[in-house]
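Here is a quick tour for someone meeting this structure for the first time. Have a look at the sequence and the model, then read on.

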Amino acid sequence: MSGSGKVVCVTGASGYIASWLVKLLLNKGYTVKATVRDLNDPKKTEHLRSLDGGTERLHLFRANLLEDGAFDAVVDGCEGVFHTASPFYHAVTDPQAELIDPAVKGTLNVLGSCAKASSVKKVVVTSSMAAVAYNRKPRTPDVVVDESWFSDPELCKETKSWYVLSKTLAEEAAWKFVKENKIDMVTVNPAMVIGPLLQPTLNTSAAVVLDLINGKPTFPNATFGWVHVKDVAYAHILAYEVSSASGRYCLVDRVAHYSEHVKILQELYPNVHLPEKCADDKPFVPVYQVSKEKTKSLGIDYIPLEVSLKETVESLKEKKFVDL
């Protein structure tokens, strides 16, 4: 499907996934109204303006997630809205103000603007596997996580998993709102996203790979799903363009323990000093499976983890985050 003549909105456009989404939308001919927090910050705008089609079909707007009605004018006239803006980092001092409010209130604020705009036909919200996989069910090699799973807010509070809580509450609030306001919404739920960076700043998930190649003595005893950023951006567009797309889409190429990353990186970069041991002596956190049925039906053909890791490292070198 060509986006020629069609206008869409991307919130939080300077972010890692959103920058790729803007790039692919422009490549398809869409006109993109994109929001950033600060129009005067070149780190948030220059890499977007320099994209193919960026001078002709990209229009940047300032919008704050917590400002009521901040998205009204941007969303008006758009057929599709991609809401990707949501903070993702781990070192928080005030989880409510730093993560939960921007995620929950921000999502409702954007959806509120969509409800007022008669032009909007479909909304695609960037959720996360964080809103799917964290409940009291075991995650072991024979377990298959799918779109019917929801994370448990009480467990998130108990374990102080504030980012997970922010995404879980935001998605819960979004489904309730769109049901009441009859908005056609799809959520894309990626796991840890890696691959090349378009933005000049280091994002949280790329930093995870940087830690492994930057001389750290140990790797974390943790297991996550992993997916390439291009697959995530492309899934957003398919979720919008495919008329039968509905509900949630779990986006995971592969679930892998950090030890597996180290092994892959050793083969790719034999001369790089990588962590030799795990951060603790406990048994490795087990891997589990994530169903690919729904995303494959959407048209996603996953880029393998080995390629994702290599492209992340090459991008980190190119952007001078590491000198290998």
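What follows covers a small set of topics: a sheet, some aromatic pairs and charges over rings.

This is a predicted model, so to speak of local features needs pLDDT of at least 70, side-chain atom pairs count only at pLDDT 80 or more, and totals for chains, interfaces and linings use all residues. Residues are numbered from 1 along each chain as its sequence is written, and side-chain values use heavy atoms, with hydrogens and water left out.Let's start with the sheet. Strands (DSSP runs of E, at least two residues, numbered from the N terminus) β8, β10 and β12 form an open sheet in that order, with mixed pairing; two strands pair if DSSP finds at least two bridges between them. At the edges sit β8 (192-194) and β12 (254-257), each pairing on one side only. β8 and β10 (residues 223-228) run parallel and are joined by three bridges, and Val-193 has Val-227 as its bridge partner in β10.

Now the rings. The structure holds six aromatic pairs, where rings of Phe, Tyr and Trp (its six-membered ring) pair if their centres lie within 6.5 Å, and planes under 30 degrees apart are stacked, over 60 edge-to-face and the rest tilted. Two of them are listed here:

| Pair | Centre to centre | Angle between planes | Type |
|---|---|---|---|
| Phe-219 and Phe-284 | 6.1 Å | 75° | edge-to-face |
| Phe-224 and Trp-226 | 6.2 Å | 85° | edge-to-face |

Trp-226 is buried at 0% relative accessible area, while Phe-224 is partly exposed at 25% (buried means under 20%, exposed over 50%, partly exposed in between, with a 1.4 Å probe and protein chains only).

Finally, Arg-248 has its charged end over the ring of Phe-150, 3.7 Å from the centre (CZ of Arg or NZ of Lys within 6 Å of the ring centre and within 35 degrees of the ring normal).

Conventions. Helices (H or I, at least four residues) and strands (E, at least two) are DSSP runs, numbered from the N terminus.
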